[in-house]
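Me: I would like to go through this structure term by term. For each label, set the value against its definition.

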Amino acid sequence: MEKIINIGEYIELAVDWLTDNFAPVFDLIKNVGNTSIEGIEWLLVTTPFYVVIALIGLLALFKAGRGVAIFSACGLLLIYLMGFWVETMESMALIVFSTVIALVQALPLGIWAAKSERVERIIRPVLDLMQTMPAFVYLIPAVLFFSIGKLPGAFATVIFAMPPAVRLTALGIKQVPADIKEAARAFGATNKQILFKVELPLALNTILAGVNQTIMMALSMVVIAGMIAAGGLGEKVLEGINNLDIGLGFESGLAVVILAIVLDRITQALGQSNKKKVVSLSNIFKRK
Amino acid sequence: MDAGDIKIEVKELSLIFGKKKAQALKMLEQGAGKAEILEKTRCTVGVNKANLQIKTGEIFVIMGLSGSGKSTLLRCLNRLISPTAGDVIVNKVNITKEDNKALLETRRIEMSMVFQKFALLPHRTVLENAAFGLEIRGEDKEQRLQVAQEALESVGLKGFENQLPSQLSGGMQQRVGLARALANNPEVLLMDEAFSALDPLIKSDMQDELIELQEKLKKTIVFITHDLDEAIKLGDRIAIMKDGVIEQIGTAEDILKKPASDYVKAFVEKVDRKAIITAGSLMFRKPNTVTLEKDGPESVLRKIRESAFEVLPVINKNKVFEGFIWLPEVLKAKKQNAESIKDFITTTCPSVYPEVTVEEMLPLITNTKSSIAVVDEATGRLLGVVTQTSLVIESTRFNKEEIVELKEQASEQ
Ligand SMILES: Nc1ncnc2c1ncn2[C@@H]1O[C@H](COP(=O)(O)OP(=O)(O)OP(=O)(O)O)[C@@H](O)[C@H]1O
Ligand SMILES: [Mg+2]
């Protein structure tokens with residue numbers, strides 16, 4: 001079919017212009033980013049596997065309960081036994097880095113969107129676009145700006161994983177009852193005091209639900225980023241596909257699933273732990 | 001009125017919600033009403049040229065139907081809403097002209113607010129909630145928790161410090177709200193329908209306690225309600241609002257006897273007749289009682305003598321209401337040397353639940369000479385008695401014809 005409008009051309013022009021004029025900036029970002037990711041990776045890989053498993057198991061035990069703790073420990077052990085430990089830790093490092101960067105941007109943005117209707121009107125379609133665009137598409141600008149490797153992987157991951165955190169932060173803050181905010185104002189609270197003493201604490205559970213989703217999306221993107229040499233489990237999955245190696249494909253896929261379940265259950269529990277405390281206390285009260 | 005006595009003065013205060021404020025304000029000055037302004041400018045008049053003076057140490061009640069502008073007027077006093085026109089003067093300082101910093105200070109030091117739906121922080125304990133105002137003010141932790149603790153004790157919440165608001169009943173949550181306001185030790189308390197969300201009995205308790213506290217603390221209280229009963233009980237003076245206009249300011253007596261407009265008259269009558277005045281609010285609590293299983297004729301006789309009533313309510317050991325015992329019956333029982341008064345009590349007598357209104361109780365007194373027992377709906381326990389005298393006093397607010405009519409209706413049934 002003949003092209004009548006060529007949007008792609010303009011996008012290309014824009015990306016070209018950016019890479020031509022801001023090359024040093026991109027290089028700096030790349031260096032700092034890669035160093036950070038490798039730092040996290042180094043930490044995870046050099047720590048003995050049983051220590052990592054024990055720490056994650058304990059975290060699960062205290063925050064999510066015994067079931068999740070047992071599953072996490074067994075699952076991670078299985079990953080180790082299958083021989084995917086290093087790849088898994090590489091993926092973890094990428095997830096941790098991307099999630100932190102995504103949240104650092106998403107939280108203020110979400111707060112801003114909750115406060116200003118205009119900002120929300122602008123942000124919402126952008127978020128829709130970011131979330132519905134096929135994930136692979138982000139790999140293209142990532143490669144153009146930063147060529148291949150871990151940081152472009154993280155770049156694509158951040159874009160893909162950010163929207164839920166922005167949305168849920170905004171939602172959480174908007175849901176804070178107006179009368180509680182009014183009460184704070186009536187006692188002479190400044191905007192900053194209202195944000196930190198009322199809005200953020202009351203929105204915390206919703207925000208943590210957003211964090212959970214961001215982590216899950218980061219995980220799925222990290223696997224895709226294997227295509228641009230970001231390393232980790234993604235590369236193993238890709239290798240399995242390329243060589244039509246069903247065994248490798250299945251094993252690496254299984255490792256991804258285990259990692260996903262572990263991360264999901266633990267972060268979900270973090271969001272609910274303060275709620276649970278309230279519930280169980282009130283039960284005690286009722287029984288009296 | 002001596003100027004030194006005036007804590008809060010509101011002068012020609014108007015507040016308009018909407019975009020075309022200037023146009024609406026102009027119309028307001030030319031005397032247009034709320035409906036007309038809404039139609040022409042799509043602006044809502046919240047408050048319409050209000051003037052009032054609130055004296056130091058009084059409970060000033062603002063009353064009116066829903067949407068009459070009570071909350072809006074109250075929020076102008078601490079400028080949660082900034083007035084469109086007019087002045088609010090607190091302690092001789094014009095709040096409407098204060099800059100942001102001075103305004104924060106005013107809210108932190110001079111005025112505290114209590115809210116209809118409590119507005120407590122759900123993630124904080126009762127103690128931390130009570131200390132909230134002090135925290136905002138920047139007092140150090142130890143100091144503020146101690147002051148909050150004292151405030152909690154003053155509203156009877158000792159022992160609940162470490163609970164969360166959701167673990168408390170509505171009445172107790174509002175005590176926390178009150179403690180939070182008192183902890184700041186402000187001169188002025190702004191209370192927006194503070195007791196409206198509570199059950200009638202608890203509401204009445206809270207009103208009593210507020211009066212008691214006020215005797216000690218002597219704050220200046222601005223209290224909003226749509227309940228005439230509450231206004232009369234609490235208010236040293238009452239302002240009645242309609243469509244943003246203050247229709248009348250005066251004591252309860254003034255307003256009941258000399259309503260300034262037809263609206264006030266209708267309001268007072270309507271509220272009266274629909275009788276928010278209930279058995280629960282009218283009843284005499286903790287009356288002398290006779291316990292069926294315990295008291296024999298002798299001891300009943302002594303109790304009757306002590307209480308100077310001719311008749312006493314009878315309850316069983318579970319405090320469930322059984323009936324009334326009359327003096328002649330006791331004497332009869334004594335004469336017959338009866339062991340128990342069981343066969344002598346009158347059991348065919350009316351009893352009502354606390355939320356029954358005066359209007360509904362009136363027909364009951366035609367068939368009996370005794371008081372009316374007020375019992376708990378769930379347990380049947382005796383809560384109190386409403387004497388005929390107090391019913392008659394209440395009902396003199398009705399026309400004579402109406403009383404006759406009610407009595408006739410009752411006897412037809
Ligand atoms: N934020 C707002 N925007 C527009 N109109 C408002 C706003 N707040 C209140 N109003 C309008 O102003 C008028 C006065 O409202 P206000 O809340 O002061 O009444 P009220 O007497 O406190 O009523 P209620 O007993 O229901 O609390 C009403 O007509 C209301 O619809
Ligand atoms: Mg109101």
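Me: Which helix of chain B gives the most to the shell around ligand 1?
Reply: Helix H3 (residues 70-77) of chain B does, with three residues. A helix here is a DSSP run of H or I with at least four residues, and a strand a run of E with at least two, numbered from the N terminus. This is a predicted model: local features need pLDDT of at least 70, side-chain atom pairs count only at pLDDT 80 or more, and totals for chains, interfaces and linings use all residues. Residues are numbered from 1 along each chain, chains are lettered from A and ligands numbered from 1 as written, and side-chain values use heavy atoms, without hydrogens and water.

Me: What makes a residue part of the surroundings of ligand 1?
Reply: One of its heavy atoms must lie within 4 Å of the molecule. Among the residues around ligand 1 are B:Phe17, B:Lys34, B:Thr44 and B:Glu193. The shell divides into two nonpolar, seven polar and three charged residues. Ala, Val, Leu, Ile, Met, Phe, Trp, Tyr, Cys and Pro count as nonpolar, Asp, Glu, Lys and Arg as charged, and the others, Gly among them, as polar.

Me: Why is the pair of B:Lys70 and ligand 1 called a polar contact?
Reply: A polar contact is a pair of N or O atoms within 3.5 Å. A polar side-chain atom of B:Lys70 lies 2.8 Å from an oxygen atom of ligand 1, so the pair qualifies. B:Thr72 has a side-chain N or O atom 2.4 Å from a ligand 1 oxygen. For B:Ser68, a polar backbone atom is 3.2 Å from a ligand 1 oxygen. The protein covers 60% of the 640 Å² of accessible area that ligand 1 has on its own (Shrake-Rupley method, 1.4 Å probe).

Me: Why are H8(A) and H10(A) called roughly antiparallel?
Reply: The axes of H8 (residues 150-174) and H10 (residues 191-224) of chain A come within 7 Å and cross at roughly 155 degrees. Axes are lines fitted to C-alpha atoms over the stretch in contact, with angles from 0 to 180 degrees between N-to-C directions. Angles under 35 degrees count as roughly parallel, over 145 as roughly antiparallel, 65 to 115 as roughly perpendicular and the rest as oblique. H8(A) and H10(A) are therefore roughly antiparallel.

Me: What makes H5(A) and H8(A) oblique?
Reply: The axes of H5(A) (residues 85-115) and H8(A) cross at roughly 40 degrees. H5(A) and H8(A) are therefore oblique to each other. Their contact has 19 nonpolar, five polar and three charged residues.

Terms used
A polar contact is a pair of N or O atoms within 3.5 Å; within protein, one must be able to donate a hydrogen and the other to accept it, and residues adjacent in sequence count only if both atoms are side-chain atoms.
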